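Me: Could you take a close look at one part of this model for me, the place where two neighbouring helices pack? I would also like to see how that part sits within the rest of the chain.

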Amino acid sequence: MEDCGYVSVSLAAKALRASRCRGSVVCSRFTSFLTSLMPTLHQIYVYEPLDGKPDDTLSFFTPIFFTRHGQSEYNLEDRLGGDPDLTDSGRLDAAEIASFFRSEVLHNPSLFMRRTAKWDETVGFEVWCSQLRRTRHTAEPSSVVLTQGQIRSFKSLNEIHAGICEDMTNEEVKQIYPHIQSFRHTDKVGFRYPNGESYQDLARRLNPILLELVNSKPCVLVVAHQAVLRTLLSYFGGPPVEKAVHSSCPQRTIWVCTYNRLGEPRLAEISLPPRRSRESGGKSEGAWTGW
């Protein structure tokens with residue numbers, strides 16, 4: 001044990017010290033991660049009360065919202081990847097997501113405990129999306145509500161790249177590349193599309209985004225793709241990627257992440273009314289009952 005490296009952290013001094021860590025990749029990455037978190041950890045140390053229950057929500061952290069893009073042309077055709085636009089139903093999805101943020105989030109004083117008029121003026125909200133049309137066009141109505149139309153687009157939030165299978169239907173992949181389907185079912189997380197990506201590649205690509213999200217002062221809405229959401233949500237209280245890859249991230253759904261006093265993420269899922277109910281003119285209650 002005497003030769004083990006260690007990292008000591010002082011939240012009061014906003015400093016850390018690494019000892020006996022030379023040559024250790026794990027220690028180096030861990031130290032880098034802690035360094036990026038130090039400003040946030042220091043603010044928690046300064047502002048969070050010492051008393052309270054472990055399950056109480058940390059007031060310093062702003063919630064993080066996630067949603068999937070609206071229905072795209074490729075969703076209807078069961079195609080992989082590409083850069084399709086939204087369908088008419090997808091544009092309706094985008095409008096109703098924006099309506100949720102207008103009614104439930106924009107002027108909600110209980111969104112988080114430290115929200116003030118000064119915060120709204122100087123920090124406020126941000127809307128993030130990928131560089132692909134289906135997320136940008138889903139994000140646009142919400143950005144009008146939250147950020148006066150400003151959107152931050154990231155290449156790293158693009159959907160997992162399907163390589164030689166891009167723009168193909170799943171049926172075409174089965175017929176032309178039957179071995180690909182077999183390998184995918186054997187190891188969906190580790191499988192890499194030829195000339196494309198695996199979920200492991202995607203997780204590495206998302207690392208910088210994760211660090212920025214954790215340290216973000218604005219309240220962020222992330223509009224993303226299914227594979228990206230499966231990976232991101234696994235870091236914020238969702239199921240691990242190994243399980244998430246076998247379930248869908250439904251459209252017309254909003255996830256919100258908060259933290260308890262132990263620093264554990266808590267993920268709530270909010271379902272908007274089904275699309276068919278709106279189109280038929282009927283009323284349908286969503287799963288959201290308020291903050």
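Reply: Happy to; here is a walk from the whole chain to the helix pair, and then to a few single residues. Please keep in mind throughout that this is a predicted model.

Let us begin with the overall picture. The protein chain holds 11 helices and eight strands. It has 291 residues, of which 46% count as buried. Among contacts with a separation of 6 or more, 63% are between residues 24 or more positions apart.

Now to the pair itself. Helix 8 covers residues 199-214 and helix 9 covers residues 226-235; their axes lie 10 Å apart and make an angle of about 60°. Helix 8 is therefore oblique to helix 9. As for handedness, the crossing of these two helices is right-handed.

Which residues bring helix 8 and helix 9 together? From helix 8 come Tyr 199, Leu 202, Ala 203, Leu 206, Asn 207, Ile 209 and Leu 210. On the helix 9 side, they meet Ala 227, Val 228, Arg 230, Thr 231, Leu 232 and Tyr 235. Sorted by class, this contact between helix 8 and helix 9 is made of 10 nonpolar residues, two polar ones and one charged one.

Moving away from that pair, Ser 142 is a good residue to select next. Ser 142 belongs to helix 5, which spans residues 133-146. With 1% relative accessibility, Ser 142 counts as buried, because the cut-off for that class is under 20%. Leaving aside residues up to four places away in sequence, Ser 142 touches Ile 97, Ala 98, Phe 101, Val 127 and Leu 221. One of these, Ala 98, is 44 residues from Ser 142 in sequence, yet their C-alpha atoms are 4.2 Å apart.

Val 105 is another residue to look at, and its place is in helix 3, residues 88-105. Val 105 is buried too, at 0% relative accessibility. Between the C-alpha atoms of Val 105 and Val 145 there are 9.8 Å in space, and the two residues are 40 apart along the chain.

Finally, a word on the cysteines. Cys 129 is buried, its relative accessible area being 0%. Cys 257 is likewise buried, with a relative accessible area of 0%. A disulfide is a covalent bond between the sulfur atoms of two cysteines. With a cut-off of 2.5 Å between cysteine sulfur atoms, the count of disulfides here is zero.

Methods
Residues numbered from 1 in each chain as written. Predicted model: local features only at pLDDT ≥ 70, side-chain atom pairs only at ≥ 80, totals over all residues. Heavy atoms only, no water. Axes fitted to C-alpha atoms, helices over the stretch in contact; angles between N-to-C directions. Helix = DSSP H or I, 4+ residues; strand = E, 2+ residues; numbered from the N terminus. Parallel < 35°, antiparallel > 145°, perpendicular 65-115°, else oblique. Left-handed = near helix turned anticlockwise from the far one by under 90°. Contact = heavy atoms within 4.5 Å. Nonpolar A, V, L, I, M, F, W, Y, C, P; charged D, E, K, R; others polar. Buried < 20%, exposed > 50% of the residue type's maximum accessible area, 1.4 Å probe, protein only.
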